Amino acid sequence: MVKPAHRDLWLRPITCVGIADGHIKLRAPDRYHKEWFEDNFLPSILRDLEVRAKRSFTVAFEVTQDEYGEPLLPLSGSSGGRLGALSVPAAAGPTPVPAAPRPELVSRYTFDKFVVGPTNQFAHAAARMVADAPASRWNPLFIYGGVGLGKTHLLQAIGHELHQSHPDWVVTFITCEKFVTDFIGSMMGQKRGVTTMENFRARYRKTPDVLLVDDVQFLSNKDSSQDEFFHTFEALHRDHKQIVLTSDKLPAELPGVEDRLRSRFTWGLIAEVETPDLETRIAIIKRKAETDGVVLPDDAVLYMAAHIKSNVRELEGALLRLAARAAFQNQPITLELAKDALQKLISLAPSGLTIEAIQREVSVYFDVKLHDLKGPKRHRAVAHPRMVAMFLCRKLTSMSYPEIGSRFGGKDHSTVISAVRKIEGLCATDPSVRSVVSTIESHLRQP
Ligand code: ADP
Ligand code: MG
């Protein structure tokens, strides 16, 4: 039963902005409300609605704040920076270089909010060093490690720091994905005569004093983008501009990336971020709770830190969930509440299976690349294994639909729901599908 006070806090902010052809569009003020709604209400509401309307619905969310629920801080667009100087009339000097895209940094991704422990100490020190003395020694700095371990945080912390210390510099932060789409867009634009590659090149090769590129593994198997990135790297490096890169793998282990690029990635310093140890996890939870104004008793902190081990993002998610639950039930956080609220996150299915293990097994079975399984491709050879994997994730772990969707490259929960239904249906009617699913399941259950 939802108390009126909590209805106001959590439900009222969710609004419906349209329903058409079985498609419902909802709006949430931030991703926390969205996720909370998806976890706590959406499945039952959908079920109810579908029974009454005798049809299925898909649901899409519009989130009105950025994905971090925080205002974004524009960097190189700030006054006093070089962009201001560039906007003088062209007649006053040589043709101005086109402005860099406004790099956006999340305001809380700063060094002082980063908790240092044995598993990230080196990467943190390397990042600080580069921020203190850019392009003097370690160029590029290459930070690598698994998801949710603070790579983007460190990369952006360097950006914040350099913006402070060199306000006249253009600090360009970009995700590798954006670099690639920008590149492709510029090429297409050039063909249609609306943009030129020269603009693109000025933006990345000439304008930046510092280039921060997040998730370079995205270049994998993208030949022409890699070529462009190679020349961007060369130009900046030659001009002694600091480059910092993050990746989920070591340069040598990046699949589908040319040797000449991989070797350049090793020219400077390589630093790894690893899964934090217990003490660091405790410190991170405490720091985060303090920042968010959440009161947490020590036993609840320890419980969370002891059970949520894989990465910092999950720790943050757990804290959020717990705080939401406490607010919802209008009670302080206790160990009991923590156990209750986080049970779903912590207790994997009896099998102890993880989404990653299921994805790996399915990709081996169908001979589909893991990358494609989590990617956007829609043809049957990939889409069918993906649906099977989603189905098994739902069946064999206690993850919610939104959680599963997010682990498949950020897919919507409604995609997961329809995949699960589809495979359920096929298992009921098609013995070959049933046998494939049960074979994979038995592989997974083997110790
Ligand atoms: P990655 O880029 O490695 O996937 P992120 O940098 O996005 O990970 O980190 C995920 C979340 O965890 C972010 O909200 C980040 O602020 C937080 N985080 C990661 N490491 C730390 C740390 N050492 N101290 C404090 N917060 C951290
Ligand atoms: Mg990241």
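Four of the five residues of strand 7 are buried, so this strand is largely enclosed by the rest of the structure. The structure in question is a predicted model, and the protein it describes contains 20 helices and 10 strands. Of its 447 residues, 46% are buried, and among contacts between residues at least 6 apart in sequence, 72% join residues at least 24 apart.

Strand 7 belongs to an open sheet of five strands, arranged in the order 7-8-9-6-10 with parallel pairing. Strand 7 (171–175) and strand 10 (269–273) occupy the edges, and because each has a single partner strand, one side of each is left without a neighbour in the sheet. On average, and with direction ignored, neighbouring strands of this sheet are turned by 15° against each other. Helix 7 (residues 176–192) packs on the sheet, where it touches strand 7 and strand 8, and the direction of helix 7 makes about 90° with that of strand 7. The edge strand 7 is joined to strand 8 by five bridges, the two strands running parallel, and Val171 stands opposite Val210 of strand 8. On the strand 9 side, strand 8 (residues 210–214) pairs with strand 9 (residues 242–247) over four bridges, again in the parallel sense, and here the bridge partner of Val210 is Gln242. Val210 is thus placed opposite Val171 and is also bridged to Gln242.

Two helix pairs were examined for their packing. In one of them, helix 11 (residues 278–292) and helix 12 (residues 298–307) pack at an angle of about 125°, with their axes 9 Å apart, and the two helices are therefore oblique to each other. The crossing of helix 11 past helix 12 is right-handed. On the helix 11 side the contact involves Leu278, Arg281, Ile282, Ile285 and Lys286, which meet Asp298, Val301, Leu302, Met304, Ala305 and Ala306 of helix 12. Sorted by class, the residues of this contact comprise eight nonpolar, no polar and three charged.

In the other pair, the axes of helix 15 (residues 355–366) and helix 20 (residues 431–445) come within 10 Å and cross at roughly 125°, and helix 15 and helix 20 are therefore oblique to each other. Helix 15 passes helix 20 in a crossing that is right-handed. Helix 15 contributes Ala357, Ile358, Glu361, Val362, Tyr365 and Phe366 to the contact, while helix 20 contributes Val436, Thr439, Ile440, His443 and Leu444. The residues of this contact divide into eight nonpolar, two polar and one charged.

Particular backbone features were found in loops. A cis peptide bond, with omega about 0°, joins Asn139 and Pro140, and Pro140 lies in the loop between helix 5 (121–132) and strand 6 (141–145). Asn221, although not a glycine, has a positive phi of about 65°; this residue is found in the loop between strand 8 and helix 9 (223–238), and its relative accessible area of 48% makes Asn221 partly exposed. Asp367, likewise a residue other than glycine, has a positive phi near 60° and is placed in the loop between helix 15 and helix 16 (370–373). With a relative accessibility of 70%, Asp367 counts as exposed.

Methods
Residues numbered from 1 in each chain as written. Chains lettered and ligands numbered in written order. Predicted model: local features only at pLDDT ≥ 70, side-chain atom pairs only at ≥ 80, totals over all residues. Heavy atoms only, no water. Axes fitted to C-alpha atoms, helices over the stretch in contact; angles between N-to-C directions. Parallel < 35°, antiparallel > 145°, perpendicular 65-115°, else oblique. Left-handed = near helix turned anticlockwise from the far one by under 90°. Contact = heavy atoms within 4.5 Å. Nonpolar A, V, L, I, M, F, W, Y, C, P; charged D, E, K, R; others polar. Pairing = 2+ DSSP bridges. Buried < 20%, exposed > 50% of the residue type's maximum accessible area, 1.4 Å probe, protein only.
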